[in-house]
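Biologist: I'm new to this one. Can you put it up and take me through the basics?

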Amino acid sequence: MEYGTAILADAWQFLNAKDRATADAKRAAFRARLEKLEEALEQEPYFAGPMFSMVDVVFAPLLRYFDLIDPTVTQRIFQGFPRVLLWREALALRESVAGAVGRDYGHRFKQHLAEHQGILAD
């Protein structure tokens, strides 16, 4: 869970980057952290296998952001991390995770990016 804080910082700074240099640096940092997660994930569908845990609770909101941006950007970030992709998918399909946000969540997130002039707002 503590690792979630560090990875969230890199991901959030990537998602909100206003220039290409910052976005590239934060994407690289985020991918490096995803690599460690890939190594730690051994079972499916959740972090600890069949049981949904606090680790999943920490990462679910973070991974959900990447369902809301351009799929080609998301694809490049998660490329080479099949276990993380399966975990991300399992979290997205979980009813408690999907139901944790309102129907307008995607619109509100994109509006946030536009208001903050993030390069991913386009």
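Modeller: What follows is a short talk through the fold, the surface and one helix. This is a predicted model, where local features need pLDDT of at least 70, side-chain atom pairs count only at pLDDT 80 or more, and totals for chains, interfaces and linings use all residues. Residues are numbered from 1 along each chain as its sequence is written, and side-chain values use heavy atoms, with hydrogens and water left out.

Biologist: How many helices and strands are there?

Modeller: The chain has 7 helices and 0 strands; helices (H or I, at least four residues) and strands (E, at least two) are DSSP runs, numbered from the N terminus.

Biologist: What is the radius of gyration?

Modeller: It is 14 Å, close to the 14 Å from the globule rule for 122 residues, so the chain is as compact as a globular protein of that length. The radius is taken over C-alpha atoms, and the rule is 2.2 Å times the number of residues to the power 0.38.

Biologist: And how much of the chain is buried?

Modeller: Of the 122 residues, 36% count as buried, meaning under 20% relative accessible area (1.4 Å probe, protein chains only).

Biologist: Which residues of helix 3 are buried?

Modeller: In helix 3 (residues 54-65) they are Val55, Asp56, Phe59, Ala60, Leu62, Leu63, Arg64 and Tyr65.

Biologist: What do the buried residues of helix 3 pack against?

Modeller: They pack against helix 1 (2-15), helix 2 (20-40), helix 4 (71-78), helix 5 (82-93), helix 6 (95-98) and helix 7 (105-115).

Biologist: Last one: what size of box do the C-alpha atoms fill?

Modeller: Roughly 40 × 30 × 25 Å, taken along the principal axes.

Conventions. Buried means under 20% relative accessible area, exposed over 50%, partly exposed in between (1.4 Å probe, protein chains only). Contact means heavy atoms within 4.5 Å.
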